[in-house]
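This report covers side-chain contacts and strand pairing in one protein model. Please keep the sequence and the structure in view while reading.

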Amino acid sequence: MRLKKTHAHMLQAKNSGFTLLEVLIAIVILSIGLLGMASLTVGIINGNKFSNNVTKATTLAQDRMENIRAMSFPSVQNETKAVLPSPDDAYKREVTVTNGSPASGMKTVIVKVYWGGASKEDHNVEIKTILVQ
């Protein structure tokens with residue numbers, strides 16, 4: 001005995017699975033989401049690189065400031081902006097000493113570290129202190 005297919009059964013058989021259009025729409029939506037995630041990842045990587053540079057520049061400035069504090073008061077002098085030796089040659093450092101500031105017998109010392117760009121001066125970190133005689 002042969003079973004007859006009912007109309008409802010035939011409709012159910014036709015609707016099982018996805019059409020090509022549905023698959024393409026799903027791929028487009030997925031692609032848009034993944035592109036958004038990719039651009040977000042690039043932004044995060046750039047932010048991490050900048051943070052690493054700030055941390056390195058701050059460490060270089062702090063190291064120099066500690067060396068200056070260990071020096072005798074009269075020997076603390078200005079240092080012109082210069083590229084640091086390798087492996088820190090992506091940075092420049094400058095020391096500015098102002099005698100008699102904020103009062104006599106004191107020196108204001110500013111250590112600046114620069115980095116970034118062709119001139120290595122796009123960004124900088126500055127640390128200040130006051131030395132007393």
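Six salt bridges are found in the structure, a salt bridge being a side-chain nitrogen of Lys or Arg within 4 Å of a carboxyl oxygen of Asp or Glu. The model is predicted, so local features need pLDDT of at least 70 and side-chain atom pairs count only at pLDDT 80 or more, while totals for chains, interfaces and linings use all residues. Residues are numbered from 1 along each chain as its sequence is written, and side-chain values use heavy atoms, with hydrogens and water left out.

Three of the salt bridges are listed here.

| Salt bridge | Closest N to O distance |
|---|---|
| Arginine 64 and glutamate 79 | 2.2 Å |
| Glutamate 121 and lysine 92 | 3.0 Å |
| Glutamate 126 and lysine 112 | 3.4 Å |

Arginine 64 is in helix 2 and glutamate 79 in strand 1 (residues 79-83), so this salt bridge ties together parts 15 residues apart in sequence. Helices (H or I, at least four residues) and strands (E, at least two) are DSSP runs numbered from the N terminus. Arginine 64 is buried at 14% relative accessibility, whereas glutamate 79 is partly exposed at 27%. Buried means under 20% relative accessible area, exposed means over 50%, and partly exposed lies in between (1.4 Å probe, protein chains only).

Glutamate 121 meets lysine 92 in a salt bridge. Glutamate 121 belongs to the loop between strand 3 and strand 4, and lysine 92 to strand 2, so the pair ties together parts 29 residues apart in sequence. Glutamate 121 is partly exposed, at 31% relative accessibility, and lysine 92 is buried, at 17%.

Glutamate 126 and lysine 112 also form a salt bridge. This pair links strand 4, which holds glutamate 126, to strand 3, which holds lysine 112, across 14 residues. Glutamate 126 has a relative accessibility of 37% and counts as partly exposed; lysine 112 is partly exposed too, with 25%. Salt bridges with shared partners join Lys81, Lys92 and Glu121 into one network.

Lysine 81 has a further contact: its charged end sits over the ring of tyrosine 114, 4.2 Å from the ring centre. A charge sits over a ring if NZ of Lys or CZ of Arg is within 6 Å of the ring centre and within 35 degrees of the ring normal. The charged end of lysine 107 is placed over the ring of phenylalanine 73, with 4.7 Å to the centre.

Which residues do the ring pairs link into a cluster? They are Phe50, Tyr91 and Trp115. The whole structure contains two aromatic pairs. Rings of Phe, Tyr and Trp (its six-membered ring) pair if their centres lie within 6.5 Å; planes under 30 degrees apart count as stacked, over 60 as edge-to-face and the rest as tilted. For phenylalanine 50 and tryptophan 115, the ring centres are 6.1 Å apart and the planes are at 45°, so the pair is tilted. This pair links helix 2, with phenylalanine 50, to strand 3 (residues 106-115), with tryptophan 115, over 65 residues. Phenylalanine 50 is partly exposed at 38% relative accessibility, while tryptophan 115 is buried at 5%. Tryptophan 115 also forms a tilted pair with tyrosine 91, at 6.3 Å centre to centre and 50° between the planes. Tyrosine 91 lies in strand 2 (residues 91-99), 24 residues from tryptophan 115, and is buried at 6% relative accessibility.

Strand 3 is mostly covered, with eight of its 10 residues buried. Strand 3 pairs with strand 2 in the antiparallel sense over nine bridges; two strands pair if DSSP finds at least two bridges between them. Lysine 107 in strand 3 is the bridge partner of asparagine 99. Six residues separate strand 2 and strand 3 in their hairpin, and glycine 100 in the turn has a positive phi of about 70°. Strand 3 is also joined to strand 4 (residues 123-132) by 10 bridges, again antiparallel. In strand 4, lysine 128 is the bridge partner of isoleucine 110.

Overall, the protein chain has two helices and four strands, in the order α-α-β-β-β-β along the sequence. Of its 133 residues, 20% are buried.
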